[in-house]
Amino acid sequence: MTAAFGARLHAAMADRGALCVGIDPHASLLLDWGLGDDVAGLERFARTCVEAFAGSTAVLKPQSAFFERMGARGIAVLETVIAEARSAGALVLLDAKRGDLGSTMQGYADAYLRLSSPLAVDAITVNPYLGFESLRPMLTAAEENLAGVFVVALTSNPEGPQVQRAAMEGGGTVAGAVLAAVRAENAGATPMGSVGAVIGATLPSLDEDVSVNGPLLVPGYGVQGGSAAHIRRLFAGAYPRVLPSTSRGVLRAGPSVSALRSAAARCQEELA
């Protein structure tokens, strides 16, 4: 790699369309595909997703929890999925939402962003609610390894506002402060920065400035209720940097590889 993640993502979105497909091997989805809820089923599911999407989708987003629940053998499957997806040309964003501080956060950074790590990905989701500066080891590792970090900012789960909408001393909200910090990390970057924000697709409105000169990962497109039309209205002028994410909306078309590809293609056309 010779370019920062923001530049690579910008190019991938221009070439392949702005779509992120989640690899979320829920037990119920394994069953729907006629697979066992075991390591063999997990591997068949995940590698089918790579075969279907990695050659034509900008970003694949494995959900780490569904691999971790299978123990060491599940992590081995995740390693294979990361390597095969990147080899096929997709960017891999690991949905792990890691959040810690000091040496522990450095350990996570070494595991997921250091180029020599078997779990090295193009980008990772992180949780900033131990304080934005607790992310510094991950942010530094991302810069050193030309990787990206997506910071949870505004989510659509009912519990989210308890923290995200909390008022800051001196004015503004916690989410607003997180977005401002992301914006500062991306200052001066072209064509866009490598630090993104995670913002839910089903939020009824946005009352924060989401122009952060970086990508906006927008989960909840599709089955969860975030339509393409709503996302366009919600993000308005920031839409060119929006990366909508879907999982079940596409994955329920499986296990046929051709059906999965067709489902992803329909999403790409709808979002264009």
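For the lining classes used below, Ala, Val, Leu, Ile, Met, Phe, Trp, Tyr, Cys and Pro count as nonpolar, Asp, Glu, Lys and Arg as charged, and the others, Gly among them, as polar. The structure is a predicted model, in which local features need pLDDT of at least 70, side-chain atom pairs count only at pLDDT 80 or more, and totals for chains, interfaces and linings use all residues. Residues are numbered from 1 along each chain as its sequence is written, and side-chain values use heavy atoms, with hydrogens and water left out.

**Exercise 1. Describe the largest cavity and its lining.**

Step 1. On a 1 Å grid over the protein atoms alone, a cavity is a set of points where a 1.4 Å probe fits but cannot get out; a pocket is an open set with protein on both sides within 12 Å along at least five of seven lines; lining residues have an atom within 4 Å of a point. Grid points are joined across faces, edges and corners, and a volume is the space filled by probe spheres set on the points.

Step 2. The whole structure holds one cavity of 30 Å³ or more, and the largest cavity has about 30 Å³ of space.

Step 3. Its lining consists of Tyr-221, Gly-222, Val-223, Gln-224, Thr-246, Ser-247, Arg-248 and Gly-249. By class, two of the lining residues are nonpolar, five polar and one charged.

**Exercise 2. Characterise the largest pocket and the second largest pocket by volume and lining.**

Step 1. The largest pocket has about 520 Å³ of space. Of its 25 lining residues, Lys-61, Asp-95, Lys-97, Pro-219 and Gln-224 lie nearest the centre.

Step 2. Helices (H or I, at least four residues) and strands (E, at least two) are DSSP runs, numbered from the N terminus. At least two lining residues of the largest pocket come from each of strand 3 (91-98), strand 5, strand 6 (195-199), strand 7 (216-219) and strand 8 (242-246). This lining comprises seven nonpolar, 13 polar and five charged residues.

Step 3. The second largest pocket has about 250 Å³ of space. Among its 16 lining residues, Leu-139, Glu-143, Glu-185, Ser-194 and Val-195 are the closest to the centre. Helix 7 (residues 136-144) gives the largest share of this lining, five residues. Here the classes are nine nonpolar, four polar and three charged.

**Exercise 3. Identify the aromatic pairs and locate their members.**

Step 1. Rings of Phe, Tyr and Trp (its six-membered ring) pair if their centres lie within 6.5 Å; planes under 30 degrees apart count as stacked, over 60 as edge-to-face and the rest as tilted. This rule gives two aromatic pairs.

Step 2. Phe-5 and Phe-150 pair edge-to-face, at 5.9 Å centre to centre with 85° between the planes. Phe-5 belongs to helix 1 (residues 5-16) and Phe-150 to strand 5 (residues 148-154), 145 residues apart, and the pair links distant parts of the chain. Both Phe-5 and Phe-150 are buried (under 20% relative accessible area; exposed is over 50%, partly exposed in between; 1.4 Å probe, protein chains only).

Step 3. Trp-33 and Phe-45 form a tilted pair, at 4.2 Å centre to centre with 35° between the planes. Trp-33 lies in the loop between helix 2 (27-32) and helix 3 (39-53), and Phe-45 in helix 3, so the pair ties together parts 12 residues apart in sequence. Trp-33 and Phe-45 are also buried.

**Exercise 4. Explain why Cys-267 has no bond to Cys-20.**

Step 1. A disulfide is a pair of cysteine sulfur atoms within 2.5 Å, and the count is zero.

Step 2. The closest cysteine sulfur to that of Cys-267 is in Cys-20, 11 Å away, which is too far for a bond.

Step 3. Cys-20 is buried, at a relative accessible area of 0%, and Cys-267 is buried at 11%.
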